[in-house]
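I opened the notebook to record how the helices and the sheet of this chain are put together. The entries follow the order in which I looked things up.

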Amino acid sequence: MPRPKKRRMVQCRPRVVYYKPQGVPLAGLKETVLTVDGLEAIRLADAEGLDQEAAAQRMAISRPTFSRLVAEARSLVARAIVDGRAIRIEGGPVEMIEPQGPGCGRGRRRRRRGRL
């Protein structure tokens, strides 16, 4: 019997859960499913720019698990784009930290420093 998956911490629910190529009817598209934890791994690594250790801590998983998760998610998204597939975001063993909140889905912020 396989070991049960540990819940992964996700900052908030995705605001958009479906992407598809423009100009192609949905009925004619094949679909790829990206899990919510896979999206969170991409968000932390690529949009937030965190290193794997810090991102793994934020998701409450080990660094090797984070590494596998982000590699699988990136590969899935790349294949969907290259093959012209729709991407549906759902599922995965996750626990929401902030279901709706101010930090949800904004990416990395850059602060400007004023002169003294």
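**Entry 1: what covers helix 1**

I began with the surroundings of helix 1, and noted that its buried residues are covered by elements including strand 1 (8-10), strand 3, helix 2, helix 3, strand 4 and strand 5 (94-96). The model is a predicted one, and I kept that in mind for every entry below. Counting along helix 1, I found 9 of its 12 residues buried, so that the helix is mostly covered. The buried residues are Val36, Asp37, Gly38, Glu40, Ala41, Ile42, Arg43, Leu44 and Ala45. Just past this helix I noted glycine 49, which follows helix 1 and has a positive phi near 75°.

**Entry 2: the chain as a whole**

I then stepped back to the order of elements, which from the N terminus reads β-β-β-α-α-α-β-β, a total of 3 helices and 5 strands. Of the 116 residues in the chain, 29% are buried. I also looked at how far apart in sequence the contacting residues lie: among contacts with a separation of 6 or more, 78% are between residues 24 or more positions apart.

**Entry 3: the sheet**

Which strands form the sheet, and in what order? I wrote down an open sheet of 3 strands in the order 2-4-3, with mixed pairing. Strand 2 (18-19) and strand 3 (31-34) each have a single partner strand and stand at the edges, so one side of each is left without a neighbour in the sheet. Strand 2 and strand 4 (residues 86-89) run antiparallel and are joined by 2 bridges, and across this pairing tyrosine 19 stands opposite isoleucine 87 of strand 4. I next asked what packs on the sheet, and found helix 3 (residues 63-83), which touches strand 3 and strand 4 and whose direction makes about 160° with that of strand 3.

While on helix 3, I picked out arginine 79, which is found in that helix. Its relative accessible area is 48%, which makes arginine 79 partly exposed. I took the C-alpha to C-alpha distance from arginine 79 to threonine 32 and obtained 9.0 Å, although the two are 47 residues apart in sequence.

**Entry 4: the three helix pairs**

For each pair I looked up the same two quantities, since two packed helices are described by the angle between their axes and the distance between the axes.

I took helix 1 (residues 36-47) and helix 2 (residues 52-59) to begin with; their axes come within 10 Å and cross at roughly 140°. The two helices are therefore oblique to each other, and helix 1 passes helix 2 in a right-handed crossing. On the side of helix 1 the contact is made by Asp37, Glu40, Ala41, Arg43 and Leu44, and on the side of helix 2 by Ala55, Arg58 and Met59. Sorted by class, this contact has 4 nonpolar and 4 charged residues, and no polar ones.

Helix 2 and helix 3 have axes that come within 9 Å and cross at roughly 95°, and the pair is therefore roughly perpendicular. Here Gln52, Glu53, Ala55, Ala56 and Met59 of helix 2 meet Arg63, Phe66, Ser67, Leu69 and Val70 of helix 3. I sorted these residues into 6 nonpolar, 2 polar and 2 charged.

For helix 1 and helix 3 the axes come within 8 Å and cross at roughly 100°, so this pair too is roughly perpendicular. The contact draws on Asp37, Gly38, Ala41, Ile42, Ala45 and Asp46 from helix 1, and on Phe66, Leu69, Val70, Ala73, Arg74 and Val77 from helix 3. These residues divide into 8 nonpolar, 1 polar and 3 charged.

**Entry 5: a loop residue with positive phi**

What is the sign of phi at alanine 60? I found it positive, at about 60°, although the residue is not a glycine. I noted this value because most residues other than glycine have a negative phi. Alanine 60 has its place in the loop between helix 2 and helix 3. With a relative accessible area of 31%, alanine 60 is partly exposed.

Definitions and conventions
Residues are numbered from 1 along each chain as its sequence is written. This is a predicted model: local features need pLDDT of at least 70, side-chain atom pairs count only at pLDDT 80 or more; totals for chains, interfaces and linings use all residues. Side-chain values use heavy atoms; hydrogens and water are left out. Two strands pair if DSSP finds at least two bridges between them. Helices (H or I, at least four residues) and strands (E, at least two) are DSSP runs, numbered from the N terminus. Contact means heavy atoms within 4.5 Å. Axes are lines fitted to C-alpha atoms, for helices over the stretch in contact, and angles run from 0 to 180 degrees between N-to-C directions. Angles under 35 degrees count as roughly parallel, over 145 as roughly antiparallel, 65 to 115 as roughly perpendicular and the rest as oblique. A crossing is left-handed if the near helix is turned anticlockwise from the far one by less than a right angle, and right-handed if clockwise. Ala, Val, Leu, Ile, Met, Phe, Trp, Tyr, Cys and Pro count as nonpolar, Asp, Glu, Lys and Arg as charged, and the others, Gly among them, as polar. Buried means under 20% relative accessible area, exposed over 50%, partly exposed in between (1.4 Å probe, protein chains only).
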